[in-house]
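Open the model in your viewer and keep the selection panel at hand. Each stop below says what to select and what is there.

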Amino acid sequence: MKICQIMASSGKGGLESHFVDLCNALAKHHEVHVIADPEYSSSFVGVQVHELKMNEGRRNLFFLYKVFKIIHEISPNIIHAHANKAVEMVASLKAFIPPKSKLVATIHSVKRRLSAYRKFDSAIGVSSRVLEDLVNPDKHIIYNGVRQISGRLKTRDYLLDQLGISPEQKLLVSIGRLVPVKRFDILIEAFQNIEDAHLSRF
């Protein structure tokens, strides 16, 4: 099967890591093409990468034409768009994409603008919450997979020892990038009301 995966974001967060892992895993059994920013090119293994700078607006006609041209050359069985920008780009091009190419969209976080997802044959959400307000007759929850890497998983006792915390103390662990969208400010504010506890970020 020929699969075209599209991601229009930048940076190194959970979405981007999931996208790379998914493409590399699919490439073991399928012909996988990726349309993504050049910054990710070296991350793929066994994947055919079509580099495209993603700093243009999602409604820029010249930019959309570049995306369409790549899709037309690939002629995939499945076009899988990840997150709102890529989804809206593919939705704008739907009238020009042959019916043989099935359209799949994945929503990775709660969003307000969801109309573009209606134009896809299937929609995937990484949780029930992100799919709550999304309208598509064929929508599914598929949780992000996690690769178990030896030595990465730590026990409570290990963390207590590393942080110098008493075993009697409550330990709350938060995992995420220190960026505004992760809203660590809310976590820190809520944490003020918890007694005898230690908050750590990894």
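Buried means under 20% relative accessible area, exposed over 50%, and partly exposed in between (1.4 Å probe, protein chains only). This is a predicted model: local features need pLDDT of at least 70, side-chain atom pairs count only at pLDDT 80 or more, and totals for chains, interfaces and linings use all residues. Residues are numbered from 1 along each chain as its sequence is written, and side-chain values use heavy atoms, with hydrogens and water left out.

**Stop 1: the cysteines**

Select Cys-4. It is buried, at 0% relative accessible area. Now add Cys-23, also with a relative accessible area of 0% and so buried. Why is there no bond between the sulfurs of Cys-23 and Cys-4? They lie 9.2 Å apart, too far for one. A disulfide here is a pair of cysteine sulfur atoms within 2.5 Å. Searching the whole structure turns up zero disulfides.

**Stop 2: the sheet**

Show the cartoon. Helices (H or I, at least four residues) and strands (E, at least two) are DSSP runs, numbered from the N terminus. Two strands pair if DSSP finds at least two bridges between them. Seven strands form an open sheet, ordered S3-S2-S1-S4-S5-S6-S7, with parallel pairing. Its edges are S3 (48-51) and S7 (139-141), each paired on one side only. On average, neighbouring strands are turned by 20° against each other, direction ignored. Axes are lines fitted to C-alpha atoms, for helices over the stretch in contact; angles run from 0 to 180 degrees between N-to-C directions.

Select S1 (residues 2-7) and S4 (residues 78-82). They pair in the parallel sense over five bridges. Ile-6 has Ala-81 in S4 as its bridge partner.

Next, pick H1 (residues 14-26). Contact means heavy atoms within 4.5 Å. H1 packs on the sheet, touching S1, S2 (31-36) and S4, and its direction makes about 170° with that of S1. Then take H3 (residues 83-93). H3 also packs on the sheet, touching S1, S4 and S5 (102-107), at about 140° to the direction of S4.

**Stop 3: helix H3**

Stay on H3. How many of its eleven residues are buried? Ten are, so H3 is largely enclosed by the rest of the structure. Among them are Asn-84, Lys-85 and Glu-88. The buried residues of H3 pack against S1, H1, H2, S4 and S5.

Zoom to Ala-83, in H3. Its phi is positive, about 70°, although it is not a glycine. At 17% relative accessibility, Ala-83 counts as buried. Compare Ser-75, in the loop between H2 and S4. Phi of Ser-75 is near 50°, again positive in a residue other than glycine. Ser-75 is partly exposed, at 29% relative accessible area. Most residues other than glycine have a negative phi, and most peptide bonds are trans.

Show H2 with H3. They pack at an angle of about 80°, axes 10 Å apart. That makes H2 roughly perpendicular to H3. The classes are: under 35 degrees roughly parallel, over 145 roughly antiparallel, 65 to 115 roughly perpendicular, and the rest oblique. At the contact, Phe-63, Leu-64, Val-67 and Phe-68 of H2 meet Lys-85, Met-89, Ser-92 and Leu-93 of H3.

**Stop 4: the cores**

A nonpolar core is a set of buried Ala, Val, Leu, Ile, Met, Phe, Trp, Tyr and Cys residues joined through side-chain atoms within 4.5 Å. The largest has 33 residues; Ile-6, Ile-35, Ile-79, Val-90 and Phe-120 touch the most other members. S1, H2 (61-74), S4, H3, S5 and H4 (128-131) each supply at least two of its residues. A second, separate core of 13 residues includes Leu-15, Val-20, Tyr-40 and Val-47.

Select Val-90. Which residues does Val-90 touch, not counting those up to four places away in sequence? They are Ile-6, Ile-79, Ala-81, Ile-97, Leu-103 and Phe-120.

**Stop 5: S6 and the edge**

Select S6 (residues 122-125). Ser-122 and Ile-124 point one way, Ala-123 and Gly-125 the other, and all are buried. S6 pairs with S5 in the parallel sense over four bridges, and with S7 in the parallel sense over three. Ile-124 is the bridge partner of Thr-106 and stands opposite His-140 in S7.

End on Ile-141, in S7. At 39% relative accessibility, Ile-141 counts as partly exposed. Ile-141 touches Gly-125, Val-126, Ser-127, Ser-128 and Leu-131, not counting residues up to four places away in sequence.
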